[in-house]
Amino acid sequence: MVIAGDDARQPARILAEEAGFPLFAEPTSGSRNGDNALISYRLLLNHSPLAARIERIVSFGHATLSRPVTQLLSRADIEIIHVGDQMTFPVPAGENVTFVGDVEADVDDGAWLTSWWDADRAATAAIDGVLDGTTPYDVARIVNQAVPPEGLLFVGSSNPIRDLDLVARPYPVGERRLIIGNRGLAGIDGTLSTAIGAALARTSGRAIAYVGDLTFLHGSNGLLIGPDEPRPD
């Protein structure tokens, strides 16, 4: 399968579609669009028997969001091809990991992708069944739907980005939405200031910041914009 971490962008999506591979794309990957991007991959890695059948992974970007994905990339019994180097690979690379600058793949027969599609539809339906309009997952889904083509979504660390990861439907290809967020140990620092800067830099469409209450309070001084400084809507 293809794993798209942070800033993987369209090459991950294109490879998955051309080869007929399942695509596990984090919200900030820039790859979570098209037909091959699965929604519930995080749950399937923990609970579906399909996970035990994985033999080869092609990895793009910096995958740091999900423990099941990190654990998958830590396995020594799977061939892993990472487009990049150790700087963008989330765990120390073993002998089974090959770093490359680009990759091509033969076309799969489609049965493997269909199995993942079927499992993803079942898991997504189960998630939908427990949403009642008041959960954090409902909020994440509504925010995701509110981002228009050419729009920007800045996502806070901790729960918001993980809630979004679990429920966000892939966007149509070519609509150029940008989903970004601070990552790392200090991902909460400067979140609102970063969101404001991103909104000022990207003027092509609506900009939305989606953060938790602690993140908002921690970075609320970022709202202190001087009278002569630019400010977003």
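The paragraphs below go through a three-stranded sheet, the helices that lie across it, and a group of aromatic residues elsewhere in the chain.

This is a predicted model, in which local features need pLDDT of at least 70 and side-chain atom pairs count only at pLDDT 80 or more, while totals for chains, interfaces and linings use all residues. Residues are numbered from 1 along each chain as its sequence is written, and side-chain values use heavy atoms, with hydrogens and water left out.

The sheet is open, and its three strands follow the order β7-β6-β8 with parallel pairing. Helices (H or I, at least four residues) and strands (E, at least two) are DSSP runs numbered from the N terminus, and two strands are said to pair if DSSP finds at least two bridges between them. Strand β6 (residues 152–155) is joined to strand β7 (residues 178–180) by three bridges, and its pairing with strand β8 (residues 207–210) involves four bridges. Because β7 and β8 stand at the edges with a single partner strand each, one side of each is left without a neighbour in the sheet. On average, and with direction ignored, neighbouring strands of this sheet are turned by 15° against each other; axes here are lines fitted to C-alpha atoms, for helices over the stretch in contact, and angles run from 0 to 180 degrees between N-to-C directions.

Within β6, the side chains can be followed residue by residue. In a regular strand the side chains alternate between the two faces of the sheet. Here Leu-152 and Phe-154 point one way, Leu-153 and Val-155 point the other way, and all are buried, where buried means under 20% relative accessible area, exposed over 50%, and partly exposed in between (1.4 Å probe, protein chains only). Phe-154 has Ile-180 as its bridge partner in β7 and Ala-209 as its bridge partner in β8, whereas Leu-153 stands opposite Ile-179 in β7.

The helices complete this part of the picture. Between β6 and β7 the chain passes through helix α6 (residues 159–167), and this β-α-β crossover is right-handed, meaning that, with the strands pointing away from the viewer, the path from the first strand over the helix to the second runs clockwise. Helix α5 (residues 136–146) lies across β6 and β8 and runs at about 165° to β8, while helix α7 (residues 191–201) lies across β6, β7 and β8 at about 170° to β6.

We turn next to the aromatic residues. A search of the whole structure finds four aromatic pairs; rings of Phe, Tyr and Trp (its six-membered ring) pair if their centres lie within 6.5 Å, and planes under 30 degrees apart count as stacked, over 60 as edge-to-face and the rest as tilted. Phe-24 and Trp-116 form an edge-to-face pair, 5.3 Å centre to centre with 65° between the planes, and this pair links strand β2 to helix α4 (residues 111–130) across 92 residues. Trp-112 and Trp-116 are also edge-to-face, at 5.7 Å and 80°, and being four residues apart in helix α4 they are separated by about one helical turn. Phe-24, Tyr-41, Trp-112 and Trp-116 form one aromatic cluster.

Pro-22, in the loop between α1 (10–19) and β2 (23–25), is buried with a relative accessible area of 0%. Leaving aside neighbours within four places in sequence, Pro-22 is in contact (heavy atoms within 4.5 Å) with residues including Trp-112 and Trp-116.
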